[in-house]
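Here's a quick briefing to read with the structure open beside you. Take it topic by topic, and look up each part as you go.

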Amino acid sequence: MEFDIKKSIDLLGVICPMNFVKTKAALAHIKPGEIIEVKLDEGESIINVPRSVKEEGHKILKVFNDGQSFRLIIQKGSDQ
Amino acid sequence: MTNNRLDITAMKKMGMIQQKQKDFFAMRLHVVGGDLNTEQLQRIIEVADKYGKGQVHLSTRQGLEIHNIHYTKLETARKSLEEINLKMGACGPRIRIIVACPGNDTCRWGIINTKKMAKELDEKYFRKETPHKFKLAVTGCPNNCAKATENDIGIMGGILPEWIKDECSKCNLCIYACPKNAIYKENDQYKLNEDKCIYCSICTSSCPSEAWIRKKEGYILHIGGTMGKSPRLASKLCGLIEEKPRLNILIEKAVQYYKKHGQKKERFGHMIDRIGLEEIREVLLDGV
């Protein structure tokens, strides 16, 4: 599946909660419906960031597992 | 005046513990689930200033102790605390103060009302005699912040998840987020290995499309945990317990079994190891 990614951020090595803060900041710079890609570490990051993104009203379209890390494809929520 | 005539054992039972400075005592307060209001805190400050040395000690089990109280002042200090409903704690071979995390009152992960549960258990069991010390803890979810598994009886909130096919966006996040690798994919279906599941709710909280839902909510009962000289983590008695009355029966049976079969100075968990977990599991779960 192809995504029209507006911004890609690499948060490998960035711990909670800064990984979510940076994700949120990236989402603030795009329009509702647009998409960003976020690279995250396994463990705490993959447990916490998607949950927080979801709670803020955004949509996770896809998750890729690249071995020790993950890529989240996030679509900005409509009422953001 | 000397303190030779003091009944140290009886005082221990009431939470007054003799220090190595023999004329001085530590007053252990009855703080259930670590909760105190500001009126109580003010009074504790007053008592510690007036009868102690202006200092309090926080114990490892959410307790609060006022140290360095001369034995001649104990009675006055106790009465002052009891005026505002601050009772004394317990020490020795009996059921101790119940520990609890904040639970679903304030914590986003909390599944059960830990404070209410701790209060109920306290009313029923506090200071009851047992073969050795006996500790209970209530923790809101499998993050286990209240260390339920380090207690003779540990109660933990939990959920059993269920996958709803029509809601699923096939993002696979559940597989990655599950801390126990209990979720797997088979023939395009997501499945749960309940033997591996710890009922933690990370899958239901993380799922972007609400395809994992809470099928059941309830309690996980752990028995036989202890720290001390021979640490032993508690054993999970059975799967998720949905009904509170059933949980209460199991707790009661466990306490009664220990009172009957536990040897003096033998912790519940060490009794379990001596008799055998399977046998105890069978007795406790029989008919419940």
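Let's begin with burial: 32% of the 80 residues in chain A are buried, meaning that 20 or more other C-beta atoms lie within 10 Å of the residue's own (12 or fewer is exposed, in between is partly exposed, and C-beta atoms are placed from the backbone). Keep in mind that this is a predicted model, where local features need pLDDT of at least 70, side-chain atom pairs count only at pLDDT 80 or more, and totals for chains, interfaces and linings use all residues. Residues are numbered from 1 along each chain as its sequence is written, while chains are lettered from A and ligands numbered from 1 in the order in which they are written.

**How sure is the predictor?**
- The model scores ipTM 0.73 and pTM 0.89.
- Chain B has a mean pLDDT of 95, with 99% of its residues at 70 or more; pLDDT is the predictor's confidence in each residue, from 0 to 100.

**Chain A**
- You'll find two helices and four strands here, and along the sequence they run β-α-β-α-β-β. Both kinds of element are DSSP runs numbered from the N terminus: helices are H or I with at least four residues, strands are E with at least two.
- The C-alpha atoms fill a box of roughly 30 × 25 × 15 Å along the principal axes.

**Where the chains meet**
- Ten residues from chain B and eleven residues from chain A make up the contact; two residues are in contact if their C-beta atoms, placed from the backbone, lie within 7 Å.
- On the chain B side, helix 5 (173-177) and helix 6 (202-206) are the elements that give two or more residues.

**Helix 8 of chain B**
- Which residues of this helix are buried? They're F268(B), G269(B) and I272(B).
- Looking down the helix axis, those buried residues fall within an arc of 100°, so they line one face of the helix. That arc is the one of the directions from the helix axis to the C-beta atoms.
- They pack against strand 10 (212-223), strand 11 (235-236), helix 7 (244-261) and helix 9 (277-285) of chain B.
- I272(B) counts as buried because it has 25 C-beta neighbours inside 10 Å.
- Leaving out residues up to four places away in sequence, I272(B) touches I223(B), G224(B), S235(B), L277(B) and I280(B).
- I272(B) and G224(B) are 48 residues apart in sequence but 6.9 Å apart in space, C-alpha to C-alpha.
- Just after the helix, G276(B) takes a positive phi of about 115°.
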